[in-house]
Amino acid sequence: MKWGLFGGTFDPIHTGHLRCAQEILEDLNLDRIIFIPASQPPHKTDWDITPFYHRKKMMKLALEGNPSFSISDTEDRKDEKSYSVETIRHFLDDPTSNSELYFIMGQDAFHNIQTWKDWERLLLLCNFVVMTRPGYKVKDLHGILPQEFSGQFKFESASGRFKSPTGFHIYFREVTLLAISSTDIRERAKKGQSIRYLVPDTVSHYISEQFLYKDS
Ligand code: ATP
């Protein structure tokens, strides 16, 4: 089995996330994609992250009807930050699964990977899929990662992927990147503007009913 792991804050999940995940599922012949909402750390970041319960509920509504998509609670830790390196370890250590793992992220996230906890160890743990804009050409990893690290990866031109010394791959895959962000959706909802078609209707209704993203 080939499993995609798609982590994010998903505050809220939107059509950009969903469409890209669907394309990656088909492109890499994955059996399923597991969406992994991040925890809600007590120390706030730029905005007060919406409680895990609401973000997960919106994800459930958004993923309904797609048997290839599911949600994991693994990062639901109230009192601490979640780190991808630990999340991947969690899946690798699961004795009930011996799936090949593909960690999925946007190009923006990959460009900041050096700020992630244990990023060098992380990139050697499983396969990575970086979703890029059409026309974005990656000739090598050197422009993104330090040479002493990226030099360990071999480019396989036939498949357009980079092989790690641990035998996994980093794929750069073009997807229909819709210029939709959760930040923009939160701002629109706060101003009382429509978010229709940016998120599934069920999610839009949930946001209205629960008064999410309104000043309290
Ligand atoms: P925010 O605006 O709050 O930063 P976001 O819209 O970027 O949120 P996240 O939950 O942070 O959403 O994103 C989770 C993952 O999805 C990240 O890897 C990010 O790069 C990717 N992603 C975000 N928006 C899109 C999009 N429109 N299309 C494809 N991937 C996206």
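This briefing covers the ligand site of the structure above and a few residues with uncommon backbone geometry. The model is predicted. The ligand occupies the largest pocket, where 22 residues surround it. Backbone points of note are a cis peptide bond between aspartate 11 and proline 12, and positive phi angles at tyrosine 197 and tyrosine 213.

**The shell around the ligand**

- Of the 22 residues that surround the ligand, the closest are Phe10, Asp108, Leu178, Ser182 and Thr183.
- Sorted by class, the shell consists of ten nonpolar, ten polar and two charged residues.
- Five elements each contribute at least two residues to the shell: the strands β1 (2-8) and β4 (100-106), and the helices α1 (15-27), α4 (107-111) and α7 (182-191).

**Polar contacts with the ligand**

- Aspartate 108 has a side-chain N or O atom at 2.7 Å from an oxygen atom of the ligand.
- Asp108 is also listed among the closest residues of the shell.
- Histidine 14 places a polar side-chain atom 3.0 Å from an oxygen atom of the ligand.
- Threonine 9 takes part through its backbone, with a polar atom 3.0 Å from an oxygen atom of the ligand.
- On its own the ligand has 600 Å² of accessible area, and the protein covers 83% of that.

**The cis peptide bond**

- The peptide bond that joins aspartate 11 and proline 12 is cis, with omega at about 0°.
- Proline 12 belongs to the loop between β1 and α1, and both of these elements supply at least two residues of the ligand shell.

**Tyrosines with positive phi**

- Tyrosine 197 is not a glycine, yet its phi is positive, at about 75°.
- The loop between α7 and α8 (201-209) holds tyrosine 197.
- Tyrosine 197 counts as exposed because its relative accessibility is 63%, and the cut-off for exposed is over 50%.
- Tyrosine 213 is likewise a non-glycine residue with a positive phi, here about 65°.
- Tyrosine 213 lies in the segment after α8.
- Tyrosine 213 has a relative accessible area of 12%, so it counts as buried, for which the cut-off is under 20%.

Conventions:
Residues numbered from 1 in each chain as written. Predicted model: local features only at pLDDT ≥ 70, side-chain atom pairs only at ≥ 80, totals over all residues. Heavy atoms only, no water. Near = heavy atom within 4 Å. Polar contact = N/O pair within 3.5 Å; in protein donor to acceptor, adjacent residues only side chain to side chain. Areas by Shrake-Rupley, 256 points an atom, 1.4 Å probe, with all protein chains shown as cover. 1 Å grid on protein atoms, 1.4 Å probe; cavity = no way out; pocket = protein on both sides within 12 Å on 5 of 7 lines; lining within 4 Å. Sits in = over half its atoms within 2 Å of the grid points. Helix = DSSP H or I, 4+ residues; strand = E, 2+ residues; numbered from the N terminus. Nonpolar A, V, L, I, M, F, W, Y, C, P; charged D, E, K, R; others polar. Buried < 20%, exposed > 50% of the residue type's maximum accessible area, 1.4 Å probe, protein only.
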